[in-house]
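Open the model in your viewer and keep the sequence panel beside it. This tour goes from one selection to the next.

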Amino acid sequence: MEQKTALAHSPLEGINYHFDDYVKRKKEHLSAHMGGNGLPDYAYSMDYEYRKKLDSIPGLYKNLRRLLIPAIQQQYQTFNMNGVKASPTQFSEIYQMGCDCARILGIGVPTILVVPSFPGGGEFNACSVCVDDQEPLIMVTGLMVQRMTPGELKTIIGHECGHTHNNHAIYQQAAEIIANVGIRGLISVPILSQIAGLLSTGTQALLNMWSRAAETTADRASMICSDSLEDAYSAQKKLIYGGANLSNNVDINLDIVELKKQLDVVNSSPYRYQELMYNHPISVRRVFAEMEFAKCETLYAWRPDLKTPGIRPQSKAMTDEACKKIIGVMKSKEGRLS
C-alpha cells in the first residue's frame, strides 16, 4: 500500500512579503496619523497656530531659509568633524535607538553624533539640525549618554526626531541663534545682521512662543518613541537638575506633588514673564505637559502597547487645552495662558 507523507506547512505561508505592498501599508499607516493642517496628529495645536502667524509675515520664512541654510550646512559639517558617529559597530545601541524612532515616526534614519559639548548648549544636552537635502543630524553630549539610562536616552532621541517629523528646522534654528547670540550679537556679524533685520521685537516674541509650543510637540514625539512613559518623565526630570551622578548617595528622587508646588509658585510670581525670552518651556512645565499627553487618545492610537488597564483616554482637544494652561506664560482676556 502506497504511503503518503504529509508536507509540513511553511511558517511563511500566508505572509505577504512583497516590498511594494509593505511600502503601501506603511504609507497608509503614516497617512492615518497626519492632521488636516499638514502636521502629524500628535502636534500641539499652538505649534500650528503660532507657525501660521509667523508664516503670515511677508517674506519671513523665505528669507530666513535663504540665510540660515548655509549656516545649518556649516553647522552640520562642523559637528561631523568633532564628534563620534553612532553606527552598527560603535555606539551601536544609540544607533539602534535612532533607527527605532525613525521607523515609528516614518522619517529618515538620523545621523547621531556623540559630542563633548556644543555652543550655547553646555555639556548635558542634545540638539538636532536638518535641511531639505540632508539626512537629519542629532547631537547628544557624552555627559548625557553617561547620565541617562538607555530608555531615557531613547526618549531624548525621539524628541529630536520629532523636530524633524514636524519640519521645525528653519524657525527652530532662528530661535536658537537668537537665544545663543542675542539680537545685539546678530547685528555684529554681517550675515546674521540680515536675520536681525527680519525680526522685530514682536516677531522675536512670537518666535519664542512658537518655539516653546514646538518643544511641546517634540516632547510628545519622545513619548510616542519611548519604551515606557516613565522613561519620558524621568528624562525630563533629569533635565531639571542636570542629571547629577547618582553615585554620590544623595536622594534626588523628584516628587510630583513637590514639583506641582514649585510650578504654582512660578505661576504666581511676576518673574514668570522672564519666560517670554525663553525658547523652551521650563522643564517643570514640560513634565506636567507630558503627563497630560499620557491621557490623550492620540498617543494610544500611535502606541496601543503603552496603554495601561483602566485608563480612559481624553480627546486631543481636551489635552491641548490643558497644555495651554501648563505651558502658557501670559494670561489672555479670557484668563487663559498662552
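A helix here is a DSSP run of H or I with at least four residues, and helices are numbered from the N terminus. The model is predicted.

**Stop 1: α6.** Select residues 150–165, which form helix α6, and find H165 in it. Is H165 buried or exposed? Buried means under 20% relative accessible area. H165 has a relative accessible area of 13%, so it counts as buried. Now show side chains and add Y42 to the selection: the side chains of H165 and Y42 make a polar contact at 2.8 Å.

**Stop 2: α2.** Select residues 45–55, helix α2. Which residues of this helix are buried? They are M46, D47, Y50, R51 and L54. Turn the view to look down the axis of α2: the buried residues fall within an arc of 130°, so they line one face of the helix. An α-helix has 3.6 residues a turn, so residues three or four places apart point the same way.

**Stop 3: α11.** Select residues 256–268, the 13 residues of helix α11. From first C-alpha to last, α11 reaches 18 Å, close to the 18 Å expected at 1.5 Å a residue. Go to the start of α11 and add D255; one of its side-chain oxygens comes to within 3.0 Å of the backbone nitrogen of V257.

**Stop 4: α11 with α12.** Keep α11 and add residues 283–293, helix α12. These two helices pack at an angle of about 120°, and their axes are 10 Å apart. That angle makes α11 oblique to α12. The crossing of α11 and α12 is left-handed.

Terms used. Residues are numbered from 1 along each chain as its sequence is written. This is a predicted model: local features need pLDDT of at least 70, side-chain atom pairs count only at pLDDT 80 or more; totals for chains, interfaces and linings use all residues. Side-chain values use heavy atoms; hydrogens and water are left out. Buried means under 20% relative accessible area, exposed over 50%, partly exposed in between (1.4 Å probe, protein chains only). The arc is that of the directions from the helix axis to the C-beta atoms. The expected span of a helix is 1.5 Å times one less than its number of residues. A polar contact is a pair of N or O atoms within 3.5 Å; within protein, one must be able to donate a hydrogen and the other to accept it, and residues adjacent in sequence count only if both atoms are side-chain atoms. Axes are lines fitted to C-alpha atoms, for helices over the stretch in contact, and angles run from 0 to 180 degrees between N-to-C directions. Angles under 35 degrees count as roughly parallel, over 145 as roughly antiparallel, 65 to 115 as roughly perpendicular and the rest as oblique. A crossing is left-handed if the near helix is turned anticlockwise from the far one by less than a right angle, and right-handed if clockwise.
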